[in-house]
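User: Could you take a close look at one part of this protein for me, and then set it in its surroundings? I'd enjoy a connected walk through the contacts, the cores and the ring pairs.

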Amino acid sequence: MQTIRSMISMNTYRIPPRLRLVLSRLGSLILLFQRSPIVQFLFPEANIMGGAALANSFTLAVTTVVGLGVFDSVAGQSQISERAPLVVLGKNPAGTSPTGTTAINVPATVSAPLTFSFNWDPNNSFSSVKSWRCTTGGVVGTLPAGLGPALDPLPNPAVGVGGLITISGTPTALPGIYPVTINVYRNASYGSSTAAQIFNICVLGFSTQPAATTTISSGGTTILNCVAEGNPLTIPIVGSGPPAAQAAGTLTYEWYQGTTGTIGTILGTSSSFTTPALTTTTNYWVRLKSVLGASTVYANSTTAVVNVTSPSVTVAVAPVSVAEDGAGNLEYTFTRTGSTTAGLAINFNVGGSATLSDSDYTASGATTFTATTGTVSFAAGSATVKVTIDPTLDSTVEPNETVDLTVATGAGYTVGSPNVASGTITNDDTAYSSWASVLAVDKRGPTQTPQNDGVTNLAKFAFNMDATKPDVRMLIAGHGDTIGLPCGSMVSGKLRIEYIRRKFVDATNPGISYTPQFSSDLGTWLDATAPAGTSIDSTWERVVVDDPLGGNQRFGRVKVIQSP
């Protein structure tokens, strides 16, 4: 601004007497406006002529120069050799008022300093200007807030030929187009001969800024929008007569990554911008660019912060248990929250009493699966992914076993809750089913006698007999046999039953029990308490039970029951 003050003076901008720009049909007002350190000049294309010769109808041209130095030409326009490129406000020949005009667009930007000055063309009859004002009637508006003097200022002292009248300030008004008409007068009371020009002060800016804060999930995108105002429009003629309408400005959008003012690669060129898939919080902003002739103004948006949150991953299993030899499987479902636009790989740990290394099950659906760890991948567009555990069929009697999958930490997600899912493989094998597995499937029933020897499968299982061939052996009392049906003998006048029994049947092999019983009539049976057995090996023990009552006629038996 200091440079402008030093150069705006009546002496610097006085038009040489031998030169005169005479405009056809109407006076015109020209602006000098500045956004430091660049100074822009608006001036009409004109023929430089001497005397009172008339110029052709003019069109406006714009050039941008640094400082206020001499300029010689503008591309496509007439040669101009004046030091002060100001064409001044004047009036029509013969002292008549203008009969037609067009508005002159003045590009400006919110919060950027603006100074514009106007002068006047005496046109033979205006020797000085004693008053001027921004009119309030006709095709007029108001100056944008922040510019002054305000409308209808007090009369200025007389201003001689080539003198400057200045309106300046920093626009603080909302973005938009503000029409204003400026008149100059020969007298101090805004009367008598006058010349006027309509200006559109086009304050470029945003009526809608991009959203200050947006939150998306990692891997997601969002759309940022803005609405621009204040780009110069095509201005039609007001009244009748030349000159033609002034063209509109060209508005473009330039989206950048970073905080406001950080210039880099242009990412988008429209009023809306779709971000790429983001995994970290990222800033964006947009710059408006309005070009009118050789004049370019910019307006920067505020910073739009796109917060990126990591999805939360949980795991659950259904059903919670399946039979080892059944048709069902354990289904572990991993679920993620937030955006599903992009794929996502997560880690998990493998645990539980069932093990992959022991071939207790097989796994499918995972990207990788080992005895202790695994990975699984969410497909783009999917919020869930499943891992299937299929128990391995066997006939081994064993405890129920578990398979535990636990969400582990990794990149691009957080561990949610629940993060552990435990499924149970229920043992459906018994000592009996394991023993009977050597038989055809349709011959394995506990009451069946597939060898047609009169001894049921359950009896052979209970007393260590061969399932694959006829076998009706009985123990011989006191001989230490380890295979055979129970036997009886008389000891001290009482009936004694001797049999072999699977060890710890009730504790570790539920599904079978032994009960010694005695009767005197084969109708009513009395349960006897079996004593502790004598070990034979790791599986079998010998049991000897005496009749607690005794008598002349006694019967004995061992009842074997297979429980569900």
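Analyst: Happy to. Let's begin with Ala 459, which touches Met 465 and Leu 485 once residues up to four places away in sequence are set aside. This alanine belongs to helix H4. In this predicted model, Ala 459 has a relative accessibility of 18%, and because the cut-off for buried is under 20%, Ala 459 counts as buried. There is also a backbone distance to look at here: the C-alpha atoms of Ala 459 and Gly 484 are 9.4 Å apart, with the two positions 25 residues apart along the chain.

Helix H4 (457-462) leads us on to the largest nonpolar core, as one of the elements that give two or more residues to it. The others are helix H3 (431-436) and the strands E35 (494-502), E36 (512-519), E39 (540-546) and E40 (555-562). This core has 29 residues, and those with the most contacts inside it are Phe 461, Phe 463, Tyr 499, Ile 512, Tyr 514, Val 558 and Val 560. Tyr 499 is a good place to zoom in: leaving out residues up to four places away in sequence, its contacts include Phe 463, Tyr 514 and Val 558, along with Leu 475, Pro 486, Pro 516 and Ala 530. Tyr 499 also touches Glu 541, Arg 542, Val 543 and Val 545. Apart from this core lies another, of 25 residues, among them Val 317, Phe 334, Val 376 and Phe 378.

Now for the rings. The structure holds 11 aromatic pairs. In one of them, the ring centres of Tyr 256 and Trp 285 are 5.1 Å apart and the planes meet at 25°, so this pair is stacked. It joins distant parts of the chain, with Tyr 256 in strand E18 (residues 250-257) and Trp 285 in strand E20, 29 residues apart. Both Tyr 256 and Trp 285 are buried. Phe 348 and Phe 369 make a tilted pair instead, at 5.8 Å centre to centre and 55° between the planes. Here too distant parts of the chain are linked: Phe 348 sits in strand E26 (residues 344-351) and Phe 369 in strand E28 (residues 368-369), 21 residues apart. Phe 348 counts as buried at 1% relative accessibility, and Phe 369 is buried as well, at 18%. Ring pairs gather Phe 334, Phe 348, Tyr 361 and Phe 369 into a cluster. A charged group meets a ring elsewhere: Arg 557 lies over the face of Trp 525, at 4.0 Å from the ring centre.

Back in strand E20 (residues 282-292), Thr 282 deserves a stop. Its side chain reaches the backbone oxygen of Thr 280 at 3.0 Å. Thr 282 counts as buried, with a relative accessibility of 9%, and it touches Gln 257, Ala 304, Val 305 and Val 306, not counting residues up to four places away in sequence.

Finally, a word on confidence. The protein chain averages a pLDDT of 74, and 68% of the residues score at least 70. Over residues 1-100 the pLDDT stays under 50, although the model has 232 contacts beyond four places in sequence for that stretch. Residues 136-140 also stay under 50, with eight such contacts. Where pLDDT is low, the predicted coordinates should not be read in detail.

Key: Residues numbered from 1 in each chain as written. Predicted model: local features only at pLDDT ≥ 70, side-chain atom pairs only at ≥ 80, totals over all residues. Heavy atoms only, no water. Helix = DSSP H or I, 4+ residues; strand = E, 2+ residues; numbered from the N terminus. Buried < 20%, exposed > 50% of the residue type's maximum accessible area, 1.4 Å probe, protein only. Polar contact = N/O pair within 3.5 Å; in protein donor to acceptor, adjacent residues only side chain to side chain. Contact = heavy atoms within 4.5 Å. Core = buried A, V, L, I, M, F, W, Y, C linked by side-chain atoms within 4.5 Å. pLDDT = per-residue confidence, 0-100. Phe/Tyr/Trp six-rings, centres within 6.5 Å; stacked < 30°, edge-to-face > 60°. Lys NZ or Arg CZ within 6 Å of the ring centre and 35° of its normal.
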